[in-house]
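Colleague: I am new to this structure and should be grateful for a close look at one part of it. Please take chain C, its helices and the side that it turns to a neighbouring chain.

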Amino acid sequence: MGAFIVRRLLVTIVVLLLVSLISFSIMQLVPGDPAVVMAGLAATADQIQAIRVQFGLDKPFHVQLVRWYAGIAVGDMGQSMTLGRAVGQALIERLPATIGLALVAFAMTIVIGLSAGILAAIRQNTWIDQLIMTLAVVGVSVPSFWLGLILIIVFAVTFDLLPAGGYVAFAQSPRDWLVSLLLPAFSLALLQVGLLARITRSAMVETLRQDFIRTAKAKGLPTWMVICKHALMNVMVMVVTIIGIVFSLMLSGSVVIETVFSIPGLGRLMASAILTRDYPLIQGGLLLTAAMFVLINLVVDVLYAYLDPRIRYD
Amino acid sequence: MTTYRLPLSAGLIVALALASGAALAQKKGGDMIMAQPAGTNTLDPHFTASAAARNMMLGMYETLMAIDENTAPIPHLAEKVSVAEDGLTYTFALRKGVKFHTGKEMTSADVKASFDRFGQLSPEKTTMASVDRIDTPDPYTVVFKMKALDTSFLDRLASPASPTTIIPAEEAVKPVNKTNNISTGPYQFVEWEPDTHLKVKRFDGYAAAPGKAADGLGGKKTAYFDTVTVRIIREASARVAALEAGQVQYVEDVPVLAAQRLAGNAKLKVVDLLPAAQPVMLINSVQAPTNNAKLRQAMQAAIDMKEVMTAATDGNFKLNHSFVYPNNPYFNDAGKPYYSVNDSKKAKQLLAESGYKGEPIVMLTNKDYQYMYKSALVMSEQLKDLGINIKLEVLDWPTMADLSRKREGWNMAASGLAIQPFVGPYSFMKLFWGATHIAFADKDPVLEEAWTRFNKSLKLEDRKAAWTQIEGRMADQAYVFKLGDSGNKLAMTKNLGGFKPYAGAVRMWDVWFE
Amino acid sequence: MAATSTAPLANAPWRRYLRHPMFLTGAILCLSVVLLAVFADLITTRAPERTRVSQAFTPPGESYLMGADNLGRDVWSRVAFGSRVSIAIGFATVVLAGVAGTLIGLLSGYYRKLDEPLMRAMDALMSFPAILLAVGITAALGPSATNAVIALAVVYAPRTARIVRASTLVLREMDFVAGARAAGATDARILLRHLLPNCLGPLVVQLTFVFAYAVLAEAALSFLGMGPPPPAPTWGNIIADGRDYLREAAWICLFPGMAISITVLGLNLLGDGLRDLLDPRMKIQES
């Protein structure tokens with residue numbers, strides 16, 4: 001177990017180093033001189049030179065790279081071009097809205113995805129199963145930003161039930177916070193709901209076939225109890241392993257969803273950073289989200305190994 | 001000697017008494033939240049050049065001169081200004097007891113330091129080019145000695161385009177973006193997050209100018225709100241939704257269709273600001289094939305501005321050939337014969353004379369400003385009908401603005417003027433010939449001569465004649481296509497009292513919650 | 001997963017495919033979109049960029065099948081021509097991500113020494129949220145169709161590499177590989193002649209899904225203004241243009257969104273069907 005964790009940690013460190021290298025490379029991809037692109041509007045030669053110096057673009061590549069890693073080591077991801085603030089600070093400020101959105105979306109994913117998947121598995125090969133699986137594949141095919149717009153038309157415009165956009169901080173009013181997140185969270189969740197329903201169904205079908213379930217059933221336990229006590233635990237363990245992926249998909253989707261619903265989160269910050277060519281912010285945002293994904297996966301893996309000793313430590 | 005004084009005549013005193021009676025209904029208090037589509041990346045008091053920034057800054061920042069309701073310059077932090085007969089000396093008597101947000105009293109040393117900084121840093125530092133030196137004989141007197149006659153000088157000191165903000169001398173030594181946002185305005189700085197909001201609060205030590213009420217950006221300004229927050233909400237639908245949900249009390253740039261809906265809402269009112277801006281199509285007259293005047297004229301003759309403006313503004317516009325608004329004293333008809341001609345026969349004839357062979361013409365536009373995007377889409381289709389080989393390139397605004405300043409790489413660029421048509425011709429100086437000129441032509445002797453005459457003439461009639469000649473020449477040579485005047489739909493809660501639309505900026509003083 | 005049960009695509013009896021409802025539905029949907037793209041010129045009456053302001057906001061009906069947008073452009077024509085962009089970008093992404101992913105997967109699965117560094121690099125790339133990485137790359141390179149393809153290929157090549165590597169790891173230990181090696185076959189020959197054909201099943205399934213993701217991701221990029229620049233219509237930028245008129249003219253957004261959904265649904269069904277047909281025991285895998 002200890003050896004597994006050490007090895008897993010080492011791999012994580014290597015991946016994190018690579019992740020930060022890739023994030024760093026974004027500015028190197030800019031054709032021509034990134035300082036000129038960043039300086040933008042009416043920049044004079046002096047201003048461009050000032051930007052070059054400020055962001056170290058006048059230094060050779062290896063010096064820039066060393067600076068980048070040295071900065072990250074102390075949590076410094078540089079200064080944003082447009083916000084007049086440290087990149088790290090700007091990202092952290094925007095994190096709560098995105099996390100809130102992801103949490104609500106995650107709750108929806110789990111509740112809807114799991115129950116739909118379980119229902120489909122129990123009613124395997126009936127019309128219910130087919131309906132759920134059809135809806136699931138439709139769910140993974142609809143672009144989330146378009147779904148968001150359609151939901152706005154239906155729930156905000158036609159029936160005037162929910163707000164068309166905007167965000168209320170949790171501290172301000174938990175109820176309004178939830179209401180403001182319902183539509184965006186659902187838009188964001190549908191893809192994951194579809195995926196989870198499909199995964200749950202196949203895992204459940206597999207589990208239901210196994211001997212211990214049959215034994216339990218033979219003992220005369222009611223079906224729901226068998227499902228809750230045994231099968232569900234198995235499925236839950238499997239769900240834990242895909243948390244990282246679901247999280248990553250949500251961060252991906254948040255770029256467009258936060259734009260559609262004007263939620264002041266990380267995704268919208270990234271979308272505007274991209275439009276304003278704020279490369280330090282883009283680099284920092286990429287690094288932060290990827291690092292979060294890597295660390296979540298590390299925690300998940302370790303937990304998983306701890307919970308399920310059958311796992312091969314390899 | 002001409003003297004501009006703060007208006008306080010007997011008639012006005014009567015009016016003042018009446019006005020103060022009405023003022024009983026106005027009470028202090030409330031937190032005002034307004035939403036606008038764009039933010040600013042700088043709050044530097046001398047570095048502002050966008051409408052969005054003006055909305056955010058003009059409650060905090062004040063100037064020696066201000067523009068009144070009709071954009072005429074009036075003294076503001078100065079009590080009066082005297083201009084010598086030869087026009088080479090301007091003497092400002094400062095108002096006494098004006099306090100900065102720090103509590104320190106404003107003196108001539110602060111004024112001089114502010115202008116020194118402006119002359120070094122501001123994008124409009126050319127304003128100071130004709131100033132030889134600034135003297136401060138006593139704490140309440142500032143004297144500008146000019147190198148040469150510059151008849152637009154006071155206009156430019158009053159212009160909010162890039163305000164000559166007065167800041168404390170100790171602030172004025174700081175480099176760009178390093179000052180503490182301190183001036184003398186009715187509201188003072190609280191906090192600013194460039195991409196989300198600016199918050200200001202009422203400045204209780206505010207020394208209002210004498211007068212009966214606010215006038216343009218000057219006059220006796222009263223801050224009623226406890227705080228004012230300017231929120232940046234880029235998406236039009238989200239701005240509207242925020243107003244409907246009561247999260248904000250005032251929004252700008254409401255889409256026309258949404259404004260119609262909001263007008264039916266009992267809690268809200270919609271106010272038209274028309275004209276608010278001028279969309280234009282810049283032409284690169286030094287780059288082939290648009291260096292060919294006949295080709296430019298052919299295109300000019302083919303365009304139907306009504307269609308272009310309808311698309312660009314969703315119908316919220318007025319056709320106007322002039323580069324100033326119709327109520328401006330410099331308004332003239334010199335450009336009218338060339339405007340929105342929509343005559344395909346004439347256009348084809350000019351095109352044949354031009355010898356155009358279908359060379360590609362690069363038209364730049366951007367999606368950051370939707371009206372620029374839409375006007376380019378429609379105009380490019382009209383020009384394609386004429387047989388012009390338009391290559392439309394959609395860039396982001398900073399890239400486009402940058403490229404359209406270069407001599408090469410483009411032929412046409414969709415752009416717009418926000419403040420210049422409002423404040424008047426003097427503000428076009430740098431647009432035509434300076435670092436950010438819109439008439440991208442090599443030297444044109446007719447324009448140069450007329451511009452010199454404009455700036456050296458003391459009589460309004462002579463200045464008008466010079467400006468009329470400039471507009472006529474611009475149109476005849478088709479250096480820039482003026483598209484029209486566009487409006488801005490402002491929507492607000494019905495209990496917002498005292499609100500008057502103003503193209504200079506949104507004013508959060510002399511308005512209150514009823 | 002046993003390689004022997006993964007029947008090579010070429011030998012599969014086509015009747016089985018046609019009898020598979022999922023595959024069939026997917027194939028029909030995909031085919032319709034391809035036909036739409038190929039015959040866009042013939043089935044539309046107006047150029048997609050053509051503005052006619054007097055016709056702005058014409059609702060769907062006889063003269064405008066899917067209505068007109070705010071500039072009086074024909075939405076049907078824009079959706080039809082937009083399919084070309086989506087298909088072209090999706091296909092180019094599949095080719096690029098497929099070639100790169102296969103190469104990396106084969107090398108990584110076959111050469112033990114390359115495995116660790118290559119897979120850690122793939123892990124790193126896969127740590128980034130997909131759309132975020134794609135927009136990050138296009139933001140740096142500049143918005144264009146080519147750059148969108150490059151960005152999407154960078155995003156989806158690692159996911160493809162993993163699948164190929166997994167198959168290669170199993171296949172490498174098989175007798176026929178040892179046999180070929182004993183017969184003096186070079187590594188290149190073993191990789192391309194023996195291993196690659198046997199990876200094709202899962203690879204084709206994966207690439208079908210990559211196609212689907214690429215269509216979705218391109219739409220998102222275009223929506224954010226990071227796709228092929230206007231005036232060329234793409235499904236994503238039609239929606240972006242119509243967004244301000246959502247309440248009053250919902251059709252501008254409605255139809256391109258349906259086109260995206262139908263295309264992606266077709267590809268997903270095709271992928272699911274292929275997976276069932278090629279290896280019924282393969283699990284649903286998320287990417």
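Modeller: The account below begins with chain C as a whole, proceeds to its contact with chain A, and ends with some details of chain A. Please bear in mind throughout that this is a predicted model.

Chain C contains 11 helices and 0 strands. Its pattern along the sequence is accordingly written α-α-α-α-α-α-α-α-α-α-α. The C-alpha trace of the chain extends over about 75 × 45 × 25 Å along its principal axes. Of the 287 residues in chain C, 57% are buried. Among the contacts in chain C with a separation of 6 or more, 73% join residues that are 24 or more positions apart.

Within chain C, one helix pair deserves attention. H9(C) and helix H10 (residues 235-242) of chain C have axes that come within 7 Å of each other and cross at roughly 40°. Because of that angle, H9(C) counts as oblique to H10(C). The crossing of H9(C) past H10(C) is right-handed. On the side of H9(C), the residues that meet H10(C) are C:Glu218, C:Ala219, C:Ala220, C:Leu221, C:Ser222 and C:Phe223. Their partners in H10(C) are C:Trp235, C:Gly236, C:Asn237, C:Ile239 and C:Ala240. Sorted by class, this contact of H9(C) with H10(C) has 7 nonpolar, 3 polar and 1 charged residues.

The contact with chain A comes next. Here 43 residues of chain C are in contact with 46 residues of chain A. Four helices of chain C each supply at least two residues to the side that touches chain A: helix H5 (112-127), H6, helix H9 (187-223) and helix H11 (251-278). H6(C) gives the most to that side, with 10 residues. By class, the side of chain C that touches chain A comprises 29 nonpolar, 7 polar and 7 charged residues.

One helix of chain A packs against H6(C). Helix H13 (residues 279-307) of chain A and helix H6 (residues 130-141) of chain C lie with their axes 11 Å apart, at an angle of about 160°. It is because of this angle that H13(A) is described as roughly antiparallel to H6(C). H13(A) passes H6(C) in a left-handed crossing. From H13(A) the contact draws on A:Ile282, A:Leu286 and A:Thr289, and from H6(C) on C:Leu132, C:Leu133, C:Gly136 and C:Ala139. Of the residues in this contact of H13(A) with H6(C), 5 are nonpolar, 2 are polar and none is charged.

Two further places in chain A complete the account. A:Gly267 lies in helix H12 (residues 266-275) of chain A. A:Gly267 counts as buried because 30 other C-beta atoms lie within 10 Å. Its C-alpha atom is separated by 3.8 Å from that of A:Val255, although the two residues are 12 residues apart along the chain. Leaving aside residues up to four places away in sequence, A:Gly267 touches A:Thr98, A:Ser254, A:Val255, A:Ile257 and A:Glu258. Elsewhere in chain A, helix H4 (residues 61-73) has 13 residues and reaches 18 Å from its first C-alpha to its last, close to the 18 Å expected at 1.5 Å a residue. H4(A) is followed by A:Gly75, which has a positive phi, near 75°.

Terms used
Residues numbered from 1 in each chain as written. Chains lettered and ligands numbered in written order. Predicted model: local features only at pLDDT ≥ 70, side-chain atom pairs only at ≥ 80, totals over all residues. Axes fitted to C-alpha atoms, helices over the stretch in contact; angles between N-to-C directions. Parallel < 35°, antiparallel > 145°, perpendicular 65-115°, else oblique. Left-handed = near helix turned anticlockwise from the far one by under 90°. Contact = placed C-beta atoms within 7 Å. Nonpolar A, V, L, I, M, F, W, Y, C, P; charged D, E, K, R; others polar. Buried ≥ 20, exposed ≤ 12 C-beta atoms within 10 Å, placed from the backbone. Expected span 1.5 Å × (residues − 1).
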